[in-house]
Amino acid sequence: MRHASAGGPGSARAVYPGTFDPFTPGHLDIVARSRRLFEHVTVLVAVNDSKRPSQPAAARAAEIRASLPAGWENVSVTDWHGLTVDHCRSHESHVIVRGVRTSTDWRHEYELAAMNEALGIATLLLPARPELATTSSTAVRALRT
């Protein structure tokens, strides 16, 4: 398989958005798999007014940045308040990456993907690895309290 940094088709920039509260091993796995497919992946820590995260987006982004393995030069982390497609357009990213754990996730993400496609941004849905599919940020937060 040709690495995306070799140029040509597949050398796109991608965005992996989420609230990441907290960033789980499943999230890290999606980033690891995505970084092999794309020239650059931005982990986009979303500010979602309908959720009440445990930390501000900038703090979550800093924690994620610190948790990434050394040598992942083609991965960056930033926080963002606004539509993911707006970030994609302003940073020349052509693909949104989303992880899916269940059929419920898939249905929800499929609807978002259709909307993003209508706005000119493709979505790649990556299934969670079976051994990571049962861990959600909600479950991790519940265990912490």
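Rings of Phe, Tyr and Trp pair if their centres lie within 6.5 Å. Keep that cut-off in mind for this tour of a predicted model.

**Stop 1: an aromatic cluster**

Select Y16, F20 and F23. Together they form one aromatic cluster. Now hide F23 and look at the other two rings. Y16 and F20 make an edge-to-face pair, with 5.1 Å from centre to centre and 65° between the planes. Planes over 60 degrees apart count as edge-to-face, so this pair earns the name.

Is Y16 buried or exposed? Y16 is buried, because its relative accessibility is 3% and the cut-off for buried is under 20%. F20 is buried too, at 5%.

**Stop 2: a stacked pair**

The structure holds three aromatic pairs. For another one, select W106 and Y110. Their rings are stacked, at 5.0 Å centre to centre and 20° between the planes. Show helix 4, residues 103–118, as a ribbon. Both W106 and Y110 sit in this helix, four residues apart, which is about one turn.

Turn on the surface. W106 is partly exposed, because its relative accessibility is 41%. Y110 is also partly exposed, at 47%.

Stay with Y110 and add T123. These two are 13 residues apart in sequence. Their C-alpha atoms are 8.7 Å apart in space.

**Stop 3: the largest nonpolar core**

Next, select V43 and V97. The largest nonpolar core has 22 residues, and these two touch the most other members. Which elements give two or more residues to this core? They are strand 1 (13–18), helix 1 (25–35), strand 2 (40–46), helix 2, strand 3 (75–80) and strand 4 (95–100). Colour each one to follow the core through the chain.

Zoom in on V43. Leaving aside neighbours within four places in sequence, V43 is in contact with Y16, F20 and F23, among others. Those are the residues of the aromatic cluster from the first stop. Other contacts of V43 include V31, I64, V75 and V77.

Apart from this core lies another one, of six residues. Select V15, L44, C88 and I96 to see some of its members. As background, nonpolar side chains tend to be buried together in soluble globular proteins.

**Stop 4: helix 2**

Show helix 2, residues 57–67. Which of its residues are buried? Select A57, R60, A61 and I64. They lie on the same side of helix 2, because they cover an arc of only 100° around the axis. Look down the axis to check this. Then bring back the strands: what covers these buried residues includes strand 2 and strand 3.

Move along to S67, also in helix 2. S67 is partly exposed, with a relative accessible area of 38%. A polar atom of its side chain lies 2.8 Å from the backbone oxygen of I64. Add L28 to the view. S67 and L28 are 39 residues apart in sequence, yet 8.8 Å apart in space, C-alpha to C-alpha.

**Stop 5: confidence**

Finally, colour the chain by pLDDT. The average is 87, and 83% of the residues score at least 70. Now select residues 1–9. Here the pLDDT is below 50. Beyond near neighbours in sequence, this stretch has 11 contacts in the model. Where pLDDT is low, the predicted coordinates should not be read in detail.

Conventions
Residues numbered from 1 in each chain as written. Predicted model: local features only at pLDDT ≥ 70, side-chain atom pairs only at ≥ 80, totals over all residues. Heavy atoms only, no water. Phe/Tyr/Trp six-rings, centres within 6.5 Å; stacked < 30°, edge-to-face > 60°. Buried < 20%, exposed > 50% of the residue type's maximum accessible area, 1.4 Å probe, protein only. Polar contact = N/O pair within 3.5 Å; in protein donor to acceptor, adjacent residues only side chain to side chain. pLDDT = per-residue confidence, 0-100. Contact = heavy atoms within 4.5 Å. Core = buried A, V, L, I, M, F, W, Y, C linked by side-chain atoms within 4.5 Å. Arc of directions from axis to C-beta.
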